[in-house]
Amino acid sequence: MSTDRNPCNLALVGPNGAGKTSLLESMLFVSGAIARKGRVADGTSVGDHAPEARARQMSTEPTCATVTFDSRRLTVIDCPGSVEFIHDTRSILMGVDAAVVVVEPVLERLVAVAPLLHFLDEIHLPHLIFVNKMDRSEVRWRDLLAGLRAVSQRPVVPHLYAIGRGEGLVGYVDLVDEKAWHFKAGAPSDEMPIPEEYRDRESQARQEMLETLADFDDELLEQLLEDRPVDPATVLRDLARGLSADSVVPVLLGVAERDMGVRRLLRAVAEEVPDAAVTAERLGIAQDGPPLVQVLKTYHVPHAGKLSLARVWRGPLKDGSQLDGSRVSGLFEVNGARSEAVGEAESGAVVGLGRMETVRTGDVLGGSDGEAASLLSLAPPQPMYAFALHAKDRNDEVKLSAAFQKLAEEDPAIRLDLDPETRQTILWGQGEMHLRVALDRLRQKYRLELETHSPRTPYRETIRKGTQAHGRHKKQTGGHGQFADVKIEIRPRERGEGFAFSNKIVGGAVPKQFIPAVEEGAREWLAKGPLGFPVVDVEVTLHDGQFHSVDSSELAFKLATGLALKEGLPNCHPVLLEPILAISISVPSDYTSKALALISGKRGQVLGYEAKADWPGWDEISANLPQAESHDLVLQLRSMTQGVGFFTWQVDHLDEVPERLTRDIAAQAATAA
């Protein structure tokens with residue numbers, strides 16, 4: 001059924017630790033693409049070829065490989081499972097034909113797959129589920145299916161029924177043709193009789209599968225109502241239709257490290273996953289026209305330069321072609337760390353484009369404006385975690401900027417900011433591991449050694465009451481001296497009104513040409529108040545002063561104003577203000593109480609919570625949280641929600657810091673200065 005079909009591009013996705021890279025290795029081995037399997041634990045797998053991945057024994061970037069099974073060419077992209085690298089995963093999902101969601105058979109961990117399934121449904125991407133590591137779980141198969149149904153918005157349809165569990169896992173019954181197969185580690189399964197004790201379970205499971213498929217097929221529904229037998233070809237046809245339409249989610253099982261169930265998974269992919277041409281049609285991409293390409297990922301390869309992993313939506317694409325003014329300088333088939341040059345890529349292929357310096361991840365090259373719009377890439381996610389950093393060697397500061405530009409091309413979820421207030425260079429990302437991997441890449445690829453520490457909070461000061469202040473600057477040197485005398489009034493303003501200056505001089509006590517210098521002097525002095533931070537929401541009024549016809553100058557009046565503020569501000573009951581974030585936290589309902597306690601423990605104010613729209617079983621919490629308490633919020637939230645909790649934030653307003661904290665913060669500011 002699968003011969004002579006267009007190529008298919010498949011993403012392996014799922015929570016960290018589910019065994020995606022081991023599954024890719026097994027796919028390559030059982031299909032004959034590699035002669036010998038590597039192991040993640042040994043750092044010898046095709047998937048984890050990056051140094052950062054091998055050091056952590058986990059995927060840190062997408063890895064591409066190609067297999068041929070049942071005469072169908074499959075490009076398989078192993079995607080990172082950690083939520084901190086989710087932008088790379090989602091970017092890949094925008095350019096494939098289907099996804100295999102790999103999960104562990106642990107009921108408590110199935111919640112971790114809910115956000116991923118929700119995203120797949122949002123983009124209407126066909127997906128199957130492969131329950132891996134079945135030899136390590138004593139959970140009943142029907143209970144695992146119930147757990148998957150609880151986290152999937154699409155109907156979950158079991159393709160197989162497990163025979164045995166845990167160390168007693170024997171094999172499976174294929175619900176399509178009702179044949180049983182005995183697992184053999186490292187070898188194809190053998191057909192076996194269906195055990196008597198499994199006949200009723202298998203029959204019931206198949207009936208449930210058929211009833212689900214009948215919701216989308218009137219002919220099948222009629223067969224069931226008339227109690228007529230349903231042949232395997234009909235079941236397979238409806239599974240393929242349902243998968244292609246993203247109306248059902250087939251579920252398979254196995255043990256990737258022992259090659260169990262992997263051939264059956266490959267057969268399901270070869271027979272049921274839609275062609276690349278079907279995906280293009282779904283997205284409104286015509287098959288006739290100039291080449292149309294979407295960049296899914298960018299790599300900077302040592303000694304080879306920039307490589308753009310791209311989906312060819314419409315081909316053929318040839319080496320040397322021009323795409324929107326950029327020349328393809330090399331066309332490659334990518335397999336792990338290896339890239340093999342090819343002369344041409346057909347529609348549906350995923351290939352590497354060499355040295356396209358102006359091209360970025362997410363770019364759509366060629367085609368019409370309408371086609372490009374249908375392939376719009378994802379915006380980088382909002383940053384969740386930050387390090388302040390500086391180069392150990394000051395001579396490397398210039399090199400840091402160029403290195404970071406390449407790093408940001410590889411990973412758009414990384415951002416480097418220069419905070420003008422704290423004068424810190426801030427590296428933003430999705431979590432601590434995300435940033436640690438970025439620092440490793442900067443060190444290994446660009447020989448940059450960086451030191452990191454927590455970013456400083458941009459506090460502010462304001463005052464609670466007003467006062468009168470006097471400042472006189474007088475200095476006599478040879479020739480002209482310096483003289484200025486000002487009398488000012490300092491008053492608080494309403495929160496958020498900012499700085500204001502007014503002039504109430506009468507009779508020329510201070511000449512008009514010096515008035516702007518008084519205002520400028522006030523602004524400069526208020527940049528750092530008595531507590532060590534910028535002063536806001538203050539009005540300064542000049543109401544009297546003196547000048548000297550020879551010795552007065554703009555500089556003298558600026559200095560005199562500074563002296564007046566230095567004298568007056570400490571008498572205005574200065575208070576410290578901190579930025580308050582408006583945050584929206586999303587968690588499964590089972591974790592709502594823990595999230596509420598987390599907010600309260602961080603001096604936050606819960607504004608309310610309600611069921612999250614279009615997310616069954618999830619809640620959304622609205623709260624205000626001091627920015628100073630938000631640094632590790634994402635780490636703690638993920639820790640208590642199995643990695644699935646997330647939030648959005650924005651700076652909302654300033655509020656007073658509790659007096660018990662003000663002294664310590666002011667002391668730290670004085671030390672930092």
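A disulfide counts here as a pair of cysteine sulfur atoms within 2.5 Å. With that in mind, let's walk through this predicted model, which holds 0 disulfides.

**Stop one: two cysteines.** Select Cys64 and Cys79. Why is there no bond here? The sulfur of Cys64 has its closest cysteine sulfur in Cys79, and at 9.7 Å that is too far for a bond. Both cysteines are tucked away: Cys64 is buried at 3% relative accessibility, and Cys79 is buried at 0%.

**Stop two: a helix and its cover.** Now pick residues 554-568, which make up helix 15. Put a distance between its end C-alpha atoms and you'll get 21 Å, in agreement with the 21 Å that 15 residues should span at 1.5 Å a residue. Next, colour its buried residues, among them Ala556, Phe557, Ala560 and Leu565. What covers them? Show strand 27 (467-475), strand 28 (482-492), helix 14 (515-525) and strand 30 (538-546), which are part of that cover.

**Stop three: backbone oddities.** Most residues other than glycine have a negative phi, and most peptide bonds are trans. Here are some exceptions to look at.

- Asp537 sits in the loop between helix 14 and strand 30. Its phi is positive, about 55 degrees, and the residue is buried at 4% relative accessible area.
- Glu178 lies in the loop between strand 8 (171-174) and strand 9 (179-184). Glu178 also has a positive phi of about 55 degrees, but this residue is partly exposed, at 37%.
- Pro316 is in the loop between strand 13 (305-314) and strand 14 (317-318). Look at the peptide bond leading into Pro316 from Gly315: that bond is cis, with omega near 0 degrees.

Note on methods: Residues are numbered from 1 along each chain as its sequence is written. This is a predicted model: local features need pLDDT of at least 70, side-chain atom pairs count only at pLDDT 80 or more; totals for chains, interfaces and linings use all residues. Side-chain values use heavy atoms; hydrogens and water are left out. Buried means under 20% relative accessible area, exposed over 50%, partly exposed in between (1.4 Å probe, protein chains only). Helices (H or I, at least four residues) and strands (E, at least two) are DSSP runs, numbered from the N terminus. The expected span of a helix is 1.5 Å times one less than its number of residues. Contact means heavy atoms within 4.5 Å.
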